[in-house]
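Please open the structure in your viewer and keep a selection box at hand. The stops below say what to select next and what is there.

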Amino acid sequence: MVSDRPDREALQARRKRLKRSAIYAAVAVLFIAQLTEYGEIFHQSMPGFGTTGRMFWAKYFHKPTDERMLVRKNKEGICEWAPPLKLERSYTPPHTLLVAFPGSGKRLAWRIMESLTGYVTGDDWNLSDEGYHVASIKTSYPHYEGVWTWGDKFYDANIIFLLRNPRWAIPSYQTMRHELQYSTSWEQSYSRRPNTYTKRPDIPEWIRWRDRQFRRQLRMWGWMIDFYMNNGLRRTLDDGRQIIDWHCKPNKEIINSCFPKTIVTYEKLNSKNTLIGEAEAQRLADAMIEGREDLLPIAEKEDWRCAYDETILKRATEPQWDGTNRDVVGPPGDQKNFTWFQLQDIKTELERLITNYTNVTLGWDVDPIANQLVFSLADYLTEIDYEISITPPYTWPPTSTPSDSPSSLPTPSPTFKPTPFPTFPPTDKPTPFPTFQPTKLPTFPPTPKPTNPMAEEPRA
């Protein structure tokens, strides 16, 4: 009798292949469905299967969290804190999009927004587990730390641009990268969330990262301003044609406009002067309700001040409330410095932006948002100018006398090489440039030692 065992094994193998194919097909269908729902395609921010899976999980299996808090009034009319609310599936209020370069203080801003609206804020990578059915989302898009994952759900969104001096935003961004252990995947970042807003790295680590990333991040900081101020402009080609971000194109109907309703500065929100902070929080709230005063759920205007004050007071009692919790562990933030040449680069970028957004021909001089931007950039420029004035263009400290031996001096910065010739003091009478003739000998004899303390011998 011929055994039918080989036939059974072949049948089982075929069933396994069919089962595997069905699973792959189901995953592909879910992936395509999520892409369709979250924006059809993701221009320069295509999510992988992991990101799509998290979208699916957040949509269908998310459980509300009670870890965040917002301000409400009790029966006696006194402000108190309570768990925030998650939107009901059947309720879709007007939306707000908070955009900023990473490290600009979005955490403080969205806490104020939650206090004002009573609803939780989501984030582009959904690290908060709040999903995308929310009243507001924070993002760093189009920086590569941001991703447009909410599709056209925020078509009606009012955009608020949160600005921070790059002198402080870039170091803060590096601190976040350190806390996340320079993660390279969503899973790593998600698992390392408990580390955020807890500590600063040591100075040598900052210097290594700074010297590798400074120019790239400064360019990205300025580009994000240009992106939103020009309604999604990615770049201008040599022939004058402008490349607009796919999400910001009017015919795509992804978002009504990528131009911000206002520019809010972290420096003012975080000001030690409470009146300045309250005024900036009011500007944030005004931008949130602009054009939809009767539609957006928000606290009464007389309670805005209370919402801001209570948000700031929670720093003293809540761990990881915002960046101020980092002051406990690690060096102070003001020890993360830049070189003289890097400060000059920041100054150049600030001057470029100020020049561009005061351009009369382009009409920026009469644009109220551009005026807000330039006013803040001018403050940053003043701060940078002062720091340049107290930062020597060398990495070695000044010597006590000009006769110190070069061998006893520290090694110069690799970014600066002193001139190989000593600098001679000026002559009694002015001479045409150059101050000495290009002969083998100078036209005047060199002094035995420089009379100018700054005119020292070359350093090794």
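Select Glu 290 to begin this tour of a predicted model; with a relative accessible area of 37%, Glu 290 counts as partly exposed. Now add Lys 261 to the selection, and a salt bridge appears between the two side chains, with 3.9 Å from N to O. Lys 261 sits in the loop between E8 and E9, while Glu 290 sits in the loop between helix H8 (274-289) and helix H9 (301-313), so the pair ties together parts that are 29 residues apart in sequence. Lys 261 is partly exposed as well, with a relative accessible area of 34%.

Stay with the loop between strand E8 (242-244) and strand E9 (262-265), and select Cys 248 together with Cys 258. These two cysteines are joined by a disulfide, with 2.0 Å from S to S, and a search of the whole structure finds 1 disulfide. Both Cys 248 and Cys 258 belong to the loop between E8 and E9, so the link ties together parts that are 10 residues apart in sequence. The angle about the S-S bond is -85°, and the link of Cys 248 and Cys 258 is left-handed. Are these cysteines buried or exposed? Cys 248 has 5% relative accessibility and counts as buried, and Cys 258, at 1%, counts as buried too.

Before leaving this loop, select Glu 253, which also lies between E8 and E9. At 53% relative accessibility, Glu 253 counts as exposed. Look at its backbone as well, for Glu 253 has a positive phi of about 55° although it is not a glycine. Most residues other than glycine have a negative phi.

For another residue of this kind, move to Asn 231, in the loop between H6 and strand E7 (233-236). Asn 231 has a positive phi of about 60°, again without being a glycine, and its 30% relative accessibility makes it partly exposed.

Next, colour helix H6 (residues 203-229) and pick out Glu 205 within it. What is the nearest side chain of opposite charge to Glu 205, and how far away is it? The answer is Arg 208, at 5.1 Å, and Glu 205 is buried yet has no salt bridge. A salt bridge would need a side-chain nitrogen of Lys or Arg within 4 Å of a carboxyl oxygen. Show the surroundings of Glu 205 and you will find that it touches Gln 174, His 178 and Tyr 182, leaving aside residues up to four places away in sequence.

Follow H6 along to Arg 215 and add Asp 345, since the side chains of these two residues meet in a salt bridge, with 3.2 Å from N to O. Arg 215 belongs to helix H6 and Asp 345 to helix H10 (residues 340-356), so the pair ties together parts that are 130 residues apart in sequence. Arg 215 is exposed, with a relative accessible area of 58%, whereas Asp 345 is partly exposed, with 22%.

Now turn to helix H8 and select Glu 280 and Arg 283, which are 3 residues apart, about one turn of the helix. Their side chains form a salt bridge, with 2.9 Å from N to O. Glu 280 is buried, with a relative accessible area of 4%, while Arg 283 is partly exposed, with 26%. Asp 226, Glu 349 and Arg 352 make another selection, as salt bridges that share partners join them into one network. The count for the protein comes to 13 salt bridges.

Two further stops remain. Select Tyr 141 and Pro 142, where the peptide bond from Tyr 141 to Pro 142 is cis, with omega near 10°; Pro 142 lies in the loop between strand E5 (136-139) and strand E6 (158-163). Then select Ile 23, Tyr 24 and Val 27, which form a nonpolar patch on the surface, with about 300 Å² of accessible area together. Val 27 is part of helix H1 (residues 5-37), and its 37% relative accessibility means that it counts as partly exposed.

Finally, clear the selection and view the whole chain, which has 11 helices and 9 strands. Of its 460 residues, 43% count as buried. The accessible surface of the protein comes to about 25600 Å², of which 57% belongs to carbon and sulfur atoms. Among contacts with a separation of 6 or more, residues 24 or more positions apart account for 69%.

Notes:
Residues numbered from 1 in each chain as written. Predicted model: local features only at pLDDT ≥ 70, side-chain atom pairs only at ≥ 80, totals over all residues. Heavy atoms only, no water. Patch = residues over 30% accessible without salt bridge, like charges linked within 9 Å, V, L, I, M, F, W, Y side chains within 5 Å. Areas by Shrake-Rupley, 256 points an atom, 1.4 Å probe, with all protein chains shown as cover. Helix = DSSP H or I, 4+ residues; strand = E, 2+ residues; numbered from the N terminus. Buried < 20%, exposed > 50% of the residue type's maximum accessible area, 1.4 Å probe, protein only. Lys, Arg positive; Asp, Glu negative; His and termini not counted. Contact = heavy atoms within 4.5 Å. Disulfide = S-S within 2.5 Å.
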